[in-house]
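User: I have a structure open and I want to understand the words used to describe it. Can we go through them together?

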Amino acid sequence: MADDGALPPSRSHDPQYNQKRSDPFQFGSRFLENGDDPFEFNAWDHVETDDAYKEYSEQQYEMQRQSPVSDFDKHRFNSDPAKWWNLFYKNNTANFFKNRKWLQQEFPILGKVTQEDAGPITLLEIGAGAGNTAFPILAQNKNPKLKIHACDFSKKAVEVMRSHEGYDTEHMQADVWDIASDELPPGLEEGSVDVALLIFIFSALSPLQWKKAVENVHRVLKPGGEVCFRDYGRGDLAQVRFRKGRYLEDNFYIRGDGTRVYFFEKDELAAIWKGEKIGASATPASGEAASEPLAEPLFDVEDLGVDRRMLVNRARRLKMYRCWMQGKFRKREIQ
Ligand SMILES: C[S@@+](CC[C@H](N)C(=O)[O-])C[C@H]1O[C@@H](n2cnc3c(N)ncnc32)[C@H](O)[C@@H]1O
């Protein structure tokens, strides 16, 4: 402690003074260092999980594996996943909208393409849901030539976007499209998209759909086009907390509302986007074909990071970890 009795910045709870405090949506600015008391704040950035949490996670995974989803339910949830997302968007009207202040900070390209003089830009958001990414981008857009195509395979989600007060057809087009289908999104041709956004959608796919999804993104992007990616990482508390009867296969689960969620490892994601490993471990579900690895890399992985955040329940002195994967991939030309 300083001689004058004032707390050093790292110990202060005054947000102006304490450099370790950050807006909850601004990642990466509060680091846990030697000498810090983890229970002093309720969130810390870039924290490695401790041994106790790792052990607890392994025990949970074993428990989950021992009590998988029944074959009947596997079929129920895998045969028509859009149905469960439609229900989600029907039932969650109050929880749709989030203010994603971190988007531009994490994906600087979004700042560039929305500048007044950026010129004609086509942005495709895939698995756009209620428009939590598209609408904040539109709200701060100054580029008269920006067009956002916001697609989702849930009809209900598309209805929600189309009835949003910010839905401006001059700059936005919301459509039903399944990233794992044989078609391209309505109104888009091969090689026509500058930037593709995939925010928490890849985790909703079965591993058997990864190959088709990556191929479709490659098809629709312009040469050199960019993918902005964010999704759940392995060991996230949402994974660790799954109870009995939710396990589909390793790292792939059914939530209580019938939607599916996968948790990615960094190397695995890089391999998926390069085309080295595509759903190799998955057991084909009905209606889904097993996939072969891609012959040539489709994307260069320019950036891929693990964003970890430790949440602390100060009253119960419990540590929990959030874990997200964030990446930037660029379309390679196939020779
Ligand atoms: C976790 S939500 C994320 C929504 C939105 N990106 C966000 O971050 O708020 C996943 C979304 O992916 C959509 N989705 C799942 N599988 C899809 C597929 N095969 N093709 C297109 N969208 C899909 C779901 O309908 C849902 O809206």
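Analyst: Yes. Keep in mind that this is a predicted model. Start with the ligand. An oxygen atom of the ligand is 3.3 Å from an N or O atom in the side chain of Asn132.

User: What makes the pair between the ligand and Asn132 a polar contact?

Analyst: The cut-off for N or O atoms is within 3.5 Å. The Asn132 pair is at 3.3 Å, therefore it counts.

User: Which atoms of Asp152 and Ile199 pair with the ligand?

Analyst: In Asp152, a polar side-chain atom lies 2.6 Å from a ligand oxygen. In Ile199, a backbone N or O atom lies 2.7 Å from a ligand nitrogen. Both pairs are within 3.5 Å, so both are polar contacts.

User: How much of the ligand does the protein bury?

Analyst: Taken alone, the ligand exposes 590 Å². The protein buries 94% of that.

User: Which residues come nearest to the ligand?

Analyst: Tyr89, Gly127, Asp152, Asp178 and Ile199 do, out of 19 residues around the ligand. By class, this shell has 11 nonpolar, 4 polar and 4 charged residues.

User: Next, Thr259. Why is Thr259 called buried?

Analyst: Buried means under 20% relative accessible area. Thr259 has 1% relative accessibility, so Thr259 is buried.

User: Where is Thr259, and what does Thr259 touch?

Analyst: Thr259 sits in the loop between β8 and β9. Leaving out residues up to four places away in sequence, Thr259 touches Trp84, Trp85, Phe88, Tyr253 and Ile254. The Thr259 side chain also makes a polar contact of 2.7 Å with the side chain of Asp257.

User: On to the core. Which residues touch the most other members of the largest nonpolar core?

Analyst: The largest nonpolar core has 39 residues. Ile179, Leu198, Phe202, Val217, Val227, Trp273 and Phe299 touch the most other members. Among the elements giving two or more residues to this core are β5, α8, β6 and α10. The most comes from α8, with 5 residues.

User: How do you know that α8 is mostly covered?

Analyst: Count the buried residues: 8 of the 11 in α8. They are Trp210, Lys211, Ala213, Val214, Asn216, Val217, His218 and Val220.

User: Which residues does Phe202 touch?

Analyst: Not counting residues up to four places away in sequence, Phe202 touches Trp210, Ala213, Val214, Phe229, Asp231, Phe264, Ile272 and Trp273. There is also a second, separate core of 24 residues, including Ile109, Leu146, Met161 and Val195.

Methods. Residues numbered from 1 in each chain as written. Predicted model: local features only at pLDDT ≥ 70, side-chain atom pairs only at ≥ 80, totals over all residues. Heavy atoms only, no water. Core = buried A, V, L, I, M, F, W, Y, C linked by side-chain atoms within 4.5 Å. Buried < 20%, exposed > 50% of the residue type's maximum accessible area, 1.4 Å probe, protein only. Helix = DSSP H or I, 4+ residues; strand = E, 2+ residues; numbered from the N terminus. Contact = heavy atoms within 4.5 Å. Near = heavy atom within 4 Å. Polar contact = N/O pair within 3.5 Å; in protein donor to acceptor, adjacent residues only side chain to side chain. Areas by Shrake-Rupley, 256 points an atom, 1.4 Å probe, with all protein chains shown as cover. Nonpolar A, V, L, I, M, F, W, Y, C, P; charged D, E, K, R; others polar.
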